[in-house]
Amino acid sequence: MGITCFFVLSCIFVVIILYYDKENCSKVEEVYFVNRRLFLTQLRIQLRGIPSEEIDSILKDYEGYFDEAEANGISEEEASQNLGNPHELAKELKANHQGQPYQQVSGSPNSLHNVIVTIALVFFNLIIVLGPLIGIIGLFFGLAVMTAAFIISPLLTIVSMVAGNGYLFEFFLALILAGVGLFIFPSLLKLYKASYHYFSKYVQWNLRMMRGESS
């Protein structure tokens, strides 16, 4: 039974990763058929990291290309298709800026190496990462529930006192707990944001490894 559950979880994990990767690839392919404004916007975003003056100069050159294409009766979508993917184009331009030869990634994402890496990551995540991750999520959820209970405890105590089942010392104790909850809440929020950030980084690293990217 345990082996069956493990196998099912492995299959589900692989399907989710491959679907996510396929969706990303589809979005990249759509960039080839955008209009002039969107193409230049995408290119500007991908060129981040080089001086803004050079970015403006590069974009001016491509604006000139679109003007020339329009004068020759070529649509903006067709012109952007001729130029190619802004993401790959920006990689080449950045490589030229840094004086390094540009090497376009080639090969099938379904190569044997990537399949082996994917299987290894699936087993690693399910065996090593999944248990501690569930524990951390459970701990965070428990802290969140406790903090919320502390904060609303004065209100609950007031309701109890109105109903004739509460005591005054309980109200003062609830105020102390509410203060503790309000003190913990900002730190808990920061912890959530940091955890989400690093978890997203880890997922992106897994996807890069599965695609065979070095970084």
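Two rings of Phe, Tyr or Trp count as a pair if their centres lie within 6.5 Å. With that in hand, welcome to a quick tour of this predicted model, in which ring pairs link F39, Y62, Y65 and F66 into a cluster. The structure holds 8 aromatic pairs. Two helix packings, α2 with α3 and α3 with α4, make up the rest of the tour.

**Aromatic pairs**

- A pair of aromatic rings is described by how far apart the centres lie and by the angle between the planes.
- F39 and Y62 make a tilted pair, with 6.5 Å from centre to centre and 50° between the planes.
- This pair ties together distant parts of the chain: F39 sits in helix α2 (residues 36-46) and Y62 in helix α3 (residues 52-71), 23 residues apart.
- F39 and Y62 are both buried.
- The pair of F171 and F172 has its ring centres 6.0 Å apart and its planes at 65°, so this pair is edge-to-face, because an angle over 60 degrees earns that label.
- F172 has a relative accessibility of 48%, so this residue counts as partly exposed; the range for that class runs between 20% and 50%.

**Helix α2 against helix α3**

- The axes of α2 and α3 lie 11 Å apart, and the two helices pack at an angle of about 160°.
- α2 and α3 are therefore roughly antiparallel to each other, as the angle is over 145 degrees.
- α2 and α3 cross in a right-handed sense.
- On the α2 side, the contact is made by R36, F39, L40, L43 and R44.
- Facing them from α3 are I55, D56, I58, L59, Y62, E63, F66, D67 and E70.
- Sorted by class, the contact of α2 with α3 has 8 nonpolar and 6 charged residues, and no polar ones.

**Helix α3 against helix α4**

- α3 also meets helix α4 (residues 76-83): their axes come within 10 Å and cross at roughly 130°.
- α3 and α4 are therefore oblique to each other.
- The crossing in which α3 passes α4 is right-handed.
- From α3, the residues Y62, Y65, F66 and A69 take part in the contact.
- Their partners in α4 are E76, A79, S80, N82 and L83.
- This contact of α3 with α4 divides into 6 nonpolar, 2 polar and 1 charged residues.

**Where the topics meet**

- Y62 and F66 belong to the aromatic cluster, and these two α3 residues meet α2 as well as α4.
- F39, another member of the cluster, joins the contact from the α2 side.
- Y65, also in the cluster, is among the α3 residues that meet α4.

Methods. Residues are numbered from 1 along each chain as its sequence is written. This is a predicted model: local features need pLDDT of at least 70, side-chain atom pairs count only at pLDDT 80 or more; totals for chains, interfaces and linings use all residues. Side-chain values use heavy atoms; hydrogens and water are left out. Rings of Phe, Tyr and Trp (its six-membered ring) pair if their centres lie within 6.5 Å; planes under 30 degrees apart count as stacked, over 60 as edge-to-face and the rest as tilted. Helices (H or I, at least four residues) and strands (E, at least two) are DSSP runs, numbered from the N terminus. Buried means under 20% relative accessible area, exposed over 50%, partly exposed in between (1.4 Å probe, protein chains only). Axes are lines fitted to C-alpha atoms, for helices over the stretch in contact, and angles run from 0 to 180 degrees between N-to-C directions. Angles under 35 degrees count as roughly parallel, over 145 as roughly antiparallel, 65 to 115 as roughly perpendicular and the rest as oblique. A crossing is left-handed if the near helix is turned anticlockwise from the far one by less than a right angle, and right-handed if clockwise. Contact means heavy atoms within 4.5 Å. Ala, Val, Leu, Ile, Met, Phe, Trp, Tyr, Cys and Pro count as nonpolar, Asp, Glu, Lys and Arg as charged, and the others, Gly among them, as polar.
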